[in-house]
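User: I should like to learn how strands, helices and aromatic contacts are read from a structure. Please take each feature in turn.

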Amino acid sequence: MSWEPFTAGTPRSGKFLSISCRYAGYMTSLRANLAELQTRRTDLVAALGLAESGASVDASWISGTFVHIARLWPLILLGKLCITALLHVPLYGDGNAGHAVALAAMLLVDGVAIVLPRGARFQLLRPHHQKWLMLPMVLLSGLSFSLMLGPALIAGEPSRNLVAEMAVALMAVSIFGDRRLLGVSYFCGLLIASILHRSDFAQIGLLISCIAAMLVAALRQAQADMNRAIAFHQRDLRAQRSDRLLREYEQSGRGWFWETDRHGCIAYISDTLARTLGLGNEALIGRPITEIIRPGDRQDGDGERTLGFHLSARTGFAEIPVRAAMAKDERWWSISGQPVFNEFGQFHGFRGSGTDLTEMRRSQAEVTRLAQYDSLTGLANRVQMMRSLEQAVAGKKGQPRDCTLMMLDLDRFKIVNDTLGHPAGDALLRQVSERIQRVVGNKGLVGRQGGDEFKILLPGRPDKIMLDHLARAIITDVSQPYMVEGTAVVIGVSIGISFCPQDGVTADELIRNADLALYAAKGDGRGVYRFYSPEMHADAEDRRQLEEDLRRALVENALHLVYQPVVSSRTEQIAGYEALLRWQHPVRGAISPTLFIPIAEESGLIGPIGEWVLRTACRDAAQWADGVRVAVNVSPIQFANQGLPSIVMNALAASGLTAERLELEITESVFLNDDDGTDLMFSRLKGIGVRLALDDFGTGYSSLGYLKKAPFDKIKIDQSFVRGAAIKGSPNSAIIKAIVSLAEALGMDTTAEGAETQDELALIRNLGCSHIQGYVYGRPLPAADVLIQQHGHGGVVTPQGFQSSRTERKTMLRTVAVHHDGHVYTGRIRNISATGAQLEGLWNVPEGTLFTIELGDNQTVNAMARWSRGDRLGVEFVQAIDPSTLRAMPRSMAS
């Protein structure tokens, strides 16, 4: 035979692999069968009580019968003694010593069989150990009894001894019951005694036959016991596992179990539920289940079939929501249960489970609350306010009901949000909502519309006096300072008010008209309230159209700049110009910046407009003489833009203007949110090299601390302090002097705005202001005229205008009585101020004439004639008056 090399992949190797796989499968199956056979044998031996029980068989039931055998064994002993007496077996005599020994052995063995299984030590032994102790005792019991009776002969009639032995043996087997192996052991004792007595083959064969039959019965019984033990053990394991899982489920708190008797009283209840109720199990057992729970409201989802109905009708139920009747706080449960009947259909009670619905109910309540209330402020949200407004205006039979809607919008809130951040803005909104809610109280419903807008819905017929007081109180309360993250913040609020049905009969109409009134309030200077009026529609449309025109003007380059000179008070040399934005509308003509700048700020156009102004002003200033600066106003919205320094640097680079020639004028409102962002912006701008001026000083919300912190180069004194400062008795001069002294102490320049007359100019110079700006040095000029002014006059300007200023005059036409030297003359007042007036109807009055003017009932003033031209006369009051206090003249006195 020749051998071929083995190569993987050849047919022979494939056949070899196939045979190997089949062989491996066969061996695996064989090993599994052998293991199963070994397990079955082990379980069979364990069922016989001769070995330790395994995991699948519990033999604890084997040892339980030994106690009962020990209790009945005295009957066996009594039977043995009775038979011994009936058979007249000699217990002791010459030649019968063996009987006495056998009797003693029998009594000893049976006594041990009676006493030993009852002992505690015996019962602590494992079942198979107990079985191995019982088998020899039973064998010795049969052996000793048979030896005591002596040999039995089968010849002829059955031996009395054999009958007696068989009778006692059968009695023992009946006591052993299912423990037939003990019977086999007893008969084995009889067989041994027969062999020792050399009994004939018939007796021995009989005993062997009994032993064989009983052994077969014992094996079969063991097999049945094994199967029953396995089933019982598995059922017990399942019961233990179920009990453990249920106990863990109860302990987890996710659910609990309960049971009642046929009378509806609690027979079992979980410990977790008892602890929830603050009671023990003992306190709850025996109570009717209806004492600890009560049905939920029908609107809460328990349906029409309540728990009480199911309990009385003995029908099953599932997940019925109920409330705890004995819990300290409100708790909700979901109850399920089924009636229990025995095999004869008799009702035994209810058995069921329950789960805690409290957290779910709370979650649902929270979801409902979030759906109706604002999560930030806790006020009613937009959805609930709209629903409440619709319900408020919906009257019976199509007739709307009376109600009032107030729309609130916070002033300067956006600056807070942009500078301090959204978390600070949220904290501010919470404080604002608390103040509004406190002021409104139970008068109406307060809600948050979104952002920094709020609504107030007041039911019933509107009372304008009450609304006036309420609106004023809200404005006053909201305008008080706030502390947000350690920073003092001041904001305001504007309010628009509309009524139903006067201003609208639907929710949308009321909202639209209240919003128009709010818009009017913001247009009138903010921090005020306005009632809706029909003409507001036209105003709103006008502002909308103006916003569109402004956007178009920015795109079409229709805006232009003019420049007002800023003059040195000592040399009258032009130190710089302030760039002022102008808009010449193609239809409306010149539009005041006070009108279109707020529109630009609200619409977001202030950013691109401000950037255009900055580029244009730098480009124009680059053509001016060296050293002449240009001042550009920066709005608070621009200042809050983190990109402002980049915009400034780009404008300077594009124009070639040096940084020190650019002056940025910043209003005090940038300090409303004095934080690190404000200081950083000042630092970045100063790092560029531009100058900074504090504009309109003293008119805003600033404090002197800003001047100490902010790196300003100049303070601009607002024109409201300059105008009228030269008038006798005006306190403005003292204010200007204080500001100048403060600026000099801090090393800053000062510019007085709005100087119009020669006496104001002289006063400002005497008070020490370094620069002056106003009509006294000319009106704002276009860029081309600025170049002519600089080249033509060498940068020096001459003051122009009136010599002196005068107080504000009020135009009127009022007939008055003039008293002089006992005569009464009739005249008419054309205009009047606090210090004088112009009269008509008196001819050629000499200058310096004194007389008394009767302005009205009990209103007289002494005056002196200062000039007279024809029938017109200018008079000066000896003592200043307040023209606003003049009462309306009687109709009979009016001309």
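Analyst: Two strands pair if DSSP finds at least two bridges between them; helices (H or I, at least four residues) and strands (E, at least two) are DSSP runs, numbered from the N terminus. Strand β4 (residues 317-324) pairs with β5 in the antiparallel sense over 5 bridges, and F317 stands opposite G337 in β5. This is a predicted model, in which local features need pLDDT of at least 70, side-chain atom pairs count only at pLDDT 80 or more, and totals for chains, interfaces and linings use all residues. Residues are numbered from 1 along each chain as its sequence is written, and side-chain values use heavy atoms, with hydrogens and water left out.

User: How many bridges join β5 to strand β6?

Analyst: There are 9 bridges between β5 and β6 (residues 347-356), and the two run antiparallel. W333 has D356 in β6 as its bridge partner. The hairpin of β5 and β6 has 5 residues between the strands, and G345 there takes a positive phi near 80 degrees.

User: Why is β5 described as largely enclosed?

Analyst: Burial is judged by relative accessible area: buried means under 20%, exposed over 50%, partly exposed in between (1.4 Å probe, protein chains only). Strand β5 (residues 332-341) is largely enclosed by the rest of the structure because 8 of its 10 residues are buried.

User: What span does helix α20 reach?

Analyst: The expected span of a helix is 1.5 Å times one less than its number of residues. Helix α20 (residues 606-621) has 16 residues and reaches 22 Å from its first C-alpha to its last, close to the 22 Å expected. Its buried residues include I606, I609, W612 and V613.

User: How are aromatic pairs recognised, and which example links distant parts of the chain?

Analyst: Rings of Phe, Tyr and Trp (its six-membered ring) pair if their centres lie within 6.5 Å; planes under 30 degrees apart count as stacked, over 60 as edge-to-face and the rest as tilted. The count comes to 13 aromatic pairs. One of them is edge-to-face, Y563 with W624, at 5.2 Å centre to centre and 90 degrees between the planes. This pair links distant parts of the chain, 61 residues apart: Y563 is in strand β14 (residues 559-568), and W624 is in the loop between α20 and β17 (629-634). Y563 counts as buried because its relative accessibility is 0%, and W624 is buried at 4%.

User: Which residues do ring pairs link into a cluster?

Analyst: The cluster consists of W258, F317, F341, F347 and F350.
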